[in-house]
Amino acid sequence: MRKITFSEATREAMAEEMEKYPECFVMGEDIARQGGIFGQFKGLPDQFPGRVIDTPISETFIVGGGVGAALAGARPVVDMHFADFIGVAMDEVFNQMAKVRYMFGGQAKIPLVLRAPDGLAGGGAAQHSQSVESWFIHIPGIKVVAPSNPYDAKMVLKAAIESDDPVLYFENKVLYKESGEVPEKEDEVPYQIGKARVEREGKDVTIVSYSIGMKNARAAADQLAKDGIEAEVIDLITLSPWDKETVLNSVKKTHRLCLVSECVKQGGALAEVAAVVAEEALEYLDAPILRYGAPFTPIPFAPTLEKMYRVYPEDLVKGIKGVL
């Protein structure tokens, strides 16, 4: 099977869906002229003239225009440049795109995808490095996805574009250049939003993560295996609605749970997973739930401080050995 990058996988997904849906278009800052600041839209303007649209620097217009286009029957994909900038358009996100279908009794659909590059990328500092997915899993009416590899990047984006509900698609900036196996032909079994994947079987501890956090999960599992500890690794992929059944079944088998993400630990995206496991599977736990995430502070610019801000596989290994 061929290997392509995460960025190339998202571009393939866009091209296939734009070919399938003439009403599908994409708009954002610097995507037609520049191909996106991470190159994720390169080639699309030539392939689909007039359907890759540069916009003014106005997130309010970009998201609001996307909502209006979706209501009018289009299938828009809007790019946020950086996930940090979603805050400018919060009214359009949580008061409009999230609520319109409900407020109109299901008569209106919002097939809108909001693409949001996120995460630490070396010196991005406090306003260009944030992982803000936890804000949105609290909002009913929005689906939230965050793939961790090129295969999922493609399949999840295709599923998001085909959804009749609004989807926030978080794509980690570091992952854009990472390569992985992706089928040349469209997968016969499309990704179902809301399903997690057991990436690695194990019996001693369950490690749950998503997006860039999966690098820590995989590396920690590899280190633990050298000491005979078998970790089961689950990639959530979808954060809302998340796959409760897969996580609970794993915890009932391993009796221990470790959660890791790059977002701020306080109120983080995986706090909901910890709470539900405590509510519905407490009797299966043989140790406290471990949670790893960023400290409760803005992201520093200085490389030495940014290094301290990060979570590392060794943190997970130490904690898991402690509860074993």
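1. Let's start with the charge over a ring: Arg75 lies over the face of Tyr21, 4.9 Å from the ring centre. Please keep in mind that this is a predicted model.

2. On to ring against ring. Searching the whole structure turns up six aromatic pairs. One of them joins Phe38 and Phe82, whose ring centres are 5.8 Å apart. The planes of Phe38 and Phe82 make an angle of 75°, and the pair is edge-to-face.

3. What does the Phe38–Phe82 pair tie together? Phe38 sits in the loop between strand E2 (24-28) and helix H2 (44-47), while Phe82 belongs to the loop between strand E4 (75-79) and helix H4 (90-97), so the contact links parts that are 44 residues apart in sequence.

4. A word on accessibility for these two. Phe82 has a relative accessibility of 14% and counts as buried, because the cut-off for buried is under 20%. Phe38, at 27%, counts as partly exposed.

5. You may also like the pair formed by Trp135 and Phe136, with ring centres 5.8 Å apart. Their planes meet at 45°, so this pair is tilted; the tilted class takes what is neither under 30 degrees nor over 60. Trp135 is partly exposed at 38% relative accessible area, whereas Phe136 is buried at 0%.

6. Finally, back to Phe38 and Phe82 in a wider setting. Both belong to a cluster linked by ring pairs, together with Phe6, Phe85 and Tyr176. When you look at the edge-to-face contact of Phe38 and Phe82, it is worth displaying this cluster of rings as well.

Definitions and conventions: Residues are numbered from 1 along each chain as its sequence is written. This is a predicted model: local features need pLDDT of at least 70, side-chain atom pairs count only at pLDDT 80 or more; totals for chains, interfaces and linings use all residues. Side-chain values use heavy atoms; hydrogens and water are left out. Rings of Phe, Tyr and Trp (its six-membered ring) pair if their centres lie within 6.5 Å; planes under 30 degrees apart count as stacked, over 60 as edge-to-face and the rest as tilted. Helices (H or I, at least four residues) and strands (E, at least two) are DSSP runs, numbered from the N terminus. Buried means under 20% relative accessible area, exposed over 50%, partly exposed in between (1.4 Å probe, protein chains only). A charge sits over a ring if NZ of Lys or CZ of Arg is within 6 Å of the ring centre and within 35 degrees of the ring normal.
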